[in-house]
Number of protein chains: 2
Amino acid sequence: MANFQDVAKQFTEFYYNQFDQDRTQLAALYRENSMLTFESASVAGAPGIVEKLTSLPFKQVKHQVATLDAQPSVDGAILILVTGALLVDEEQRPMNYSQVFQLRPDGGSYYIFNDIFKLVFG
Amino acid sequence: MANFQDVAKQFTEFYYNQFDQDRTQLAALYRENSMLTFESASVAGAPGIVEKLTSLPFKQVKHQVATLDAQPSVDGAILILVTGALLVDEEQRPMNYSQVFQLRPDGGSYYIFNDIFKLVFG
């Protein structure tokens, strides 16, 4: 199995590219037991999570990852903390955010088990 | 077992109070298999973690939690994302930070398995 740092970097890059290009396609990264807490609102399961993400009130979005730290977790899982900024639509000022993912192994690949997203106001 | 939200709140309050009062006492919250990534430097095991925390270059510190989000994790573990600010020594400007904890159950209580701390620069 690949190094957890490499998995974390590859996953994060893939996730935000997919999010920024077409977030309706993110369903493949979640499962029935996945959880998302987005700005303190919680949803569970791939369909509900993708419905939440696609209903966010912006059309264009661009995530810029500033830092990424990863640790191995329970039973081959991987914990990731991302800090970064995002730009939406015509807004010129990026918003800072922090996001935690816990990836769990699933037949040679990984899916998102935990996902907590939070805007950070300085 | 208590609700994961309650555990997360109680743990976080206890942790930062202990940190701010006397961080040499934090060893009781970590175990041999615990991991800390502090500003991207990683250490493992309670003694190394507490050595890292106590060697940080400030005497006085005050954490102020702004937001706390928690989710249940694998095998009764609890994942917590904290965003907040900290003030050190005579510095007047708080520094923003984000911190992830994964708590694992251990005989009726919990210990810190994963701990990732990151300053956030806006």
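I began with Tyr15(A) and Phe19(A) in this predicted model, and I noted that both residues are buried. Looking up where they sit, I found the two in helix α1 of chain A, which covers residues 4-22, with a spacing of four residues, or about one turn of the helix.

I then turned to aromatic pairs, of which I have 18 over all chains. For Tyr15(A) and Phe19(A) I noted ring centres 6.0 Å apart and planes at 50°, and I entered the pair as tilted because that class takes angles that are neither under 30 degrees nor over 60. Both rings also belong to one aromatic cluster, whose other members I wrote down as Phe11(A), Tyr16(A), Phe38(A), Tyr97(A), Phe101(A) and Phe117(A).

Next I looked for a charge over a ring, and I found the charged end of Arg104(A) over the ring of Phe113(A), at 4.6 Å from its centre. In chain B I looked up Arg104(B), and I recorded that it lies over the face of Phe113(B), 4.6 Å from the ring centre.

My next entry concerns strands β3 (residues 61-72) and β4 (residues 78-88) of chain A, which run antiparallel and are joined by eleven bridges. Following one residue across, I saw that Thr67(A) has Thr83(A) in β4(A) as its bridge partner. Five residues lie between the strands of this hairpin, and there I noted Asp75(A) with a positive phi near 55°.

Last, I checked the record: UniProt, in an unreviewed entry, places "domain: NTF2" at residues 7-119 of chain A. For that span I noted 22% helix and 52% strand, with the end C-alpha atoms 24 Å apart.

Key:
Residues numbered from 1 in each chain as written. Chains lettered and ligands numbered in written order. Predicted model: local features only at pLDDT ≥ 70, side-chain atom pairs only at ≥ 80, totals over all residues. Heavy atoms only, no water. Pairing = 2+ DSSP bridges. UniProt positions renumbered as here; feature names shortened; annotations may be inferred. Phe/Tyr/Trp six-rings, centres within 6.5 Å; stacked < 30°, edge-to-face > 60°. Buried < 20%, exposed > 50% of the residue type's maximum accessible area, 1.4 Å probe, protein only. Lys NZ or Arg CZ within 6 Å of the ring centre and 35° of its normal.
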